[in-house]
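Me: I'm new to this one. Could you walk me through it with a few questions and answers?

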Amino acid sequence: VLNKEGNVAYLGIDQYIVIDTANKSNYNIYQPNYERYIQNFSRLSNETGGKVSIYPIDYNNLNTITNSTYEKVYYDLSSILTSNTFYDVKVMLRHSQEITCQEILGGFDKKVGEAFELAVADSDFSVGYFFRYSNSLKIGQTVDIQIAVAYYDSFGSEKMRIYNYTLTSTDDVNKLYLSCDVDAMAKMTIMKTISKYPIYPQQVSENQPDVISLVGDYLYKKILSSFKYYRYEGAIDKDPSQLVLPSTLKYYPLYLYSFKRRLKLYSLNKSLHLLNLRNKMMRTSIDKCIKFLFPRFYRIDDIVFDQTYLAKNIIDKSLIIHNIGEVNKYGIIQKPYMLRLSIDNIDFDSAYLIDDGEYIDFLVFNYIEFDFYDDVFHQATWSDCVERNVSEIVEDDSREINKKIRSVIDELRKENMNTIQPLRIFFMNERSIGNNTYLYTKLIEDEFGRECNYVDYLCSLHADIQKMIY
């Protein structure tokens, strides 16, 4: 388990399901009060780069141990044991005198100073530096930043990497926003938020909703201040009735809205999911963090026909894609059109893929033509798939749709550099979709519970910016 400082402590097996790797279909549950020091099997030590999840076991009711819980443990352990691991990691920062490093953020919470060490880190581990500039910084002056990383790889070889950055100061707000990296900015904002309002299991109590509300309000204020500054300094001459956002940051409110929404939905499951979310946001790489907040959503049942119904609505014909599921001229598998993360894009006679970087979810609805179930699962109907608990695609290269779907899934895994990324199949109908909390953690643009939809969120943001400026 992780203690408050993010360090690995002793693991009580009465709080964990241990995988029997020799037979994945069976559970191997140790008896209560048996303890094992977790460093013995994965070398996860202080401020580790690995992930440790907590799975409590109710010994009065072992039926509560579900396949999904087992799958999650299996995936987490596989990630730890198969990822590139680096040891005795030392990081040193040097920079120009005109800026000051206020704090360093990562899986270890918050650090001050300009150097730190990690006993273990994996290839996904990320760190954020928060700088302030001094009054001595002049317009047009350059600022130099150097980060040196020394470590040992899995073979015991000593390595060093040095990263150099040069930035130029400016008072032109348009240049400032033009050079923004929206993914990095969103990730840094979330890290700052979590460090300001820490979320730990022991805090999950009757007061927890207050902490979550504080986080939501803080994120909203960060978006407001950023866009108000842009509107006032860079777009004051624009029509005040329009919400004008810098093109580089148009996804910034969506990412932060998604985090706030997940925080509330995960709070329904109390400490386990909140801790998992906190650790993921603080320590994973920028690309995986953003894909988790903004999953990729594709319709998959019609790719044999190149999704012609979508192509009809595309004005720029150069954007029409062909030969979905086949290798294109760039040597990669052509993926389908990406859809908005809204239930409005779901039809009950279709099938979809959702890729959040951790899992690939295959949603199969009940009114698809029967040929689809036969081609993909070798089953006659949707009901047969449900009754027989179908959990995988039957490999059959003689069926074109089967081969193309598997090719698209392989390409998604390749993009995520995650060959063990699990495929989960959900057979859904009208009743199962209506109040599905899990699905609404993915469809982040829709209203759910007390959370408004994303369009209303933007309208509220626009109204508040107008009140602050005009």
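Me: In which sense do E6 and strand E9 pair?
Reply: In this predicted model, E6 covers residues 99-106 and strand E9 covers residues 128-133. There are 6 bridges between the two. One spot to look at is Ile104, which stands opposite Tyr129 in E9. The sense of the pairing is antiparallel.

Me: And how many of the 8 residues of strand E6 are buried?
Reply: Here buried means under 20% relative accessible area. Enough of strand E6 meets that mark that it's largely enclosed by the rest of the structure. The count of buried residues is 6 of the 8.

Me: Which strands stand at the edges of the open sheet of 4 strands?
Reply: Reading across the open sheet, the order is E8-E5-E10-E11, with antiparallel pairing. A strand at the edge has a single partner strand, so one side of it is left without a neighbour in the sheet. That's the case for E8 (115-122) and E11 (158-168).

Me: How much does that sheet twist from one strand to the next?
Reply: We're still on the open sheet with the order E8-E5-E10-E11. Going from one strand to the next, the twist averages 20°.

Me: What is the bridge partner of Tyr152?
Reply: Strand E10 spans residues 142-152, and 11 bridges join it to E11, the two running antiparallel. The partner we want sits in E11. For Tyr152, the residue is Glu158.

Me: Over to the helices: is H10 parallel or oblique to H12?
Reply: Helix H10 (residues 370-377) and helix H12 (residues 400-415) have axes that come within 8 Å. Those axes cross at roughly 60°. Roughly parallel would need an angle under 35 degrees. That crossing makes H10, relative to H12, oblique.

Me: Which residues in H12 do Phe372, Asp375 and Val376 meet?
Reply: H10 passes H12 in a right-handed crossing. Phe372, Asp375 and Val376 are on the H10 side of the contact. Over in H12, they meet Ile401, Asn402 and Ile405.

Me: Which helix gives the most to the largest nonpolar core?
Reply: The largest nonpolar core has 55 residues, and Tyr252, Phe259, Met281, Leu293, Phe297 and Leu461 have the most contacts inside it. The helix in question spans residues 208-234 and gives 9 residues to this core. That's helix H5.

Me: What does Leu461 touch, not counting residues up to four places away in sequence?
Reply: Leu461 is one of the residues with the most contacts inside the largest nonpolar core. Leaving out residues up to four places away in sequence, Leu461 touches Tyr220, Ile223, Leu224, Phe227 and Pro253.

Technical notes:
Residues numbered from 1 in each chain as written. Predicted model: local features only at pLDDT ≥ 70, side-chain atom pairs only at ≥ 80, totals over all residues. Heavy atoms only, no water. Core = buried A, V, L, I, M, F, W, Y, C linked by side-chain atoms within 4.5 Å. Buried < 20%, exposed > 50% of the residue type's maximum accessible area, 1.4 Å probe, protein only. Contact = heavy atoms within 4.5 Å. Pairing = 2+ DSSP bridges. Axes fitted to C-alpha atoms, helices over the stretch in contact; angles between N-to-C directions. Parallel < 35°, antiparallel > 145°, perpendicular 65-115°, else oblique. Left-handed = near helix turned anticlockwise from the far one by under 90°.
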